[in-house]
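Me: I'd like a close look at one buried spot and what surrounds it. Start there, then work outward to the sheet, the charged pairs and a helix. Keep it brisk.

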Amino acid sequence: MYGMTSITTRQREIADFIDQTRRDEGSAPSFREIARHFGFKSVGTVVSHVRALRRKGIFHAPTRHARSLRVRSTLEPLRKSVVDVPLLGVIPAGFAEDRKQDAQGCISMDIETLGIKPSPRTFALQVRGDSMIGRCILDGDLVVLEHGMTPRSGDVVAALIDNESTLKTFLVNHGKPFLRAENPKYPDLIPAHELVIQGVVVALVRRRKG
């Protein structure tokens with residue numbers, strides 16, 4: 001955690017205790033709690049150790065409040081810009097469904113991991129169903145999409161086909177667009193009236209299940 005920074009064993013123990021307490025409880029311990037944990041007779045001893053750790057760059061920006069202390073990660077200089085992509089709900093990867101998309105939160109990712117440069121039109125949806133397994137898109141995955149992109153034949157898209165929502169591969173046959181599932185259990189979807197592309201998939205996020 002502390003790289004090549006020279007700190008004493010006790011300082012390391014105090015920094016570890018502060019870091020673990022923040023992880024477990026959401027905030028750092030007070031000076032009194034630190035003193036009690038290590039059996040110090042005086043809070044002043046804790047203050048001295050914390051000052052030394054601040055000077056050595058172990059904590060983030062200096063603060064007068066113990067509960068605001070946060071240990072600096074050695075990986076921090078390597079962290080890229082983090083972006084928040086709104087998660088707008090669920091997209092069926094099966095038979096098309098009449099479904100409205102409501103914001104459920106966001107996913108935070110660094111730009112390098114995402115592999116794209118997000119814009120205000122970037123959003124995410126959670127996949128439900130198995131119609132896209134041939135493109136390695138599984139039930140429960142999160143797809144990151146860009147609204148307003150013109151899809152190319154072969155792109156995976158979120159689409160409204162005759163007012164029903166689905167996630168499929170966009171294809172064009174003799175100038176006529178249609179949607180194809182990547183699972184032989186599901187038929188091609190040919191619009192009777194209207195096909196509206198809501199977004200083109202630009203990234204995939206998979207969360208470990210269980």
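Reply: Take Ala159, and set aside its neighbours within four places in sequence. Its contacts are then Glu164, Ser165, Thr166, Leu179, Leu195, Val196, Ile197 and Gln198. The model behind this list is a predicted one. Ala159 itself belongs to strand β5, which runs over residues 156-161. Its relative accessible area is 0%. The cut-off for buried is under 20%, so Ala159 counts as buried.

One contact deserves a second look. Leu179 is 20 residues away from Ala159 along the chain, yet their C-alpha atoms are 8.7 Å apart. Leu179 is also on the contact list of Ala159.

Now step back to the sheet. It is open and has eight strands. The order is β2-β1-β3-β4-β8-β5-β6-β7, with mixed pairing. In that order, β5 sits between β8 and β6. The edges are β2 (105-110) and β7 (176-180). Each of these edge strands has a single partner, so one of its sides has no neighbour in the sheet. From one strand to the next, the twist averages 45 degrees.

Elsewhere in that sheet, look at β3 and β4. Strand β3 covers residues 122-128, and strand β4 covers residues 142-146. The two run antiparallel and are joined over five bridges. Across this pairing, Phe123 stands opposite Leu145 of β4.

Next, the charged pairs. Side chains of opposite charge can pair when their charged atoms come close. This structure has seven salt bridges. Among them is Asp130 with Lys185, at 3.0 Å from N to O. Asp130 is in the loop between β3 and β4, while Lys185 is in the loop between β7 and β8 (195-205). The pair therefore ties together parts 55 residues apart in sequence. The two ends are not equally open to solvent-sized probes: Asp130 is partly exposed at 25% relative accessibility, and Lys185 is exposed at 57%.

Another salt bridge joins Arg152 and Asp155, whose closest N and O atoms are 4.0 Å apart. Arg152 is exposed, at 61% relative accessible area. Asp155 is buried, at 15%.

A third example sits in a helix. Arg23 and Asp19 form a salt bridge, with 3.1 Å between the closest N and O atoms. Both residues are in helix α1, four residues apart, or about one turn. Here too the burial values are split. Arg23 has 61% relative accessibility and counts as exposed. Asp19 has 12% and is buried.

That leads to α1 as a whole. The helix spans residues 9-25, 17 residues in total. Its first and last C-alpha atoms are 24 Å apart, close to the 24 Å expected at 1.5 Å a residue. Asp19 is one of its buried residues; the others are Gln11, Ile14, Ala15, Phe17, Ile18 and Thr21. What covers these buried residues includes α2 (31-38) and α3 (43-55). After α1 comes Gly26, with a positive phi near 90 degrees.

Back to the starting point. Ala159 is buried in β5. Leu195, Val196 and Ile197 are among its contacts, and β8 covers 195-205. Leu179, another contact, falls within the span of edge strand β7 (176-180).

Definitions and conventions:
Residues are numbered from 1 along each chain as its sequence is written. This is a predicted model: local features need pLDDT of at least 70, side-chain atom pairs count only at pLDDT 80 or more; totals for chains, interfaces and linings use all residues. Side-chain values use heavy atoms; hydrogens and water are left out. Two strands pair if DSSP finds at least two bridges between them. Axes are lines fitted to C-alpha atoms, for helices over the stretch in contact, and angles run from 0 to 180 degrees between N-to-C directions. The expected span of a helix is 1.5 Å times one less than its number of residues. Buried means under 20% relative accessible area, exposed over 50%, partly exposed in between (1.4 Å probe, protein chains only). Contact means heavy atoms within 4.5 Å. A salt bridge is a side-chain nitrogen of Lys or Arg within 4 Å of a carboxyl oxygen of Asp or Glu.
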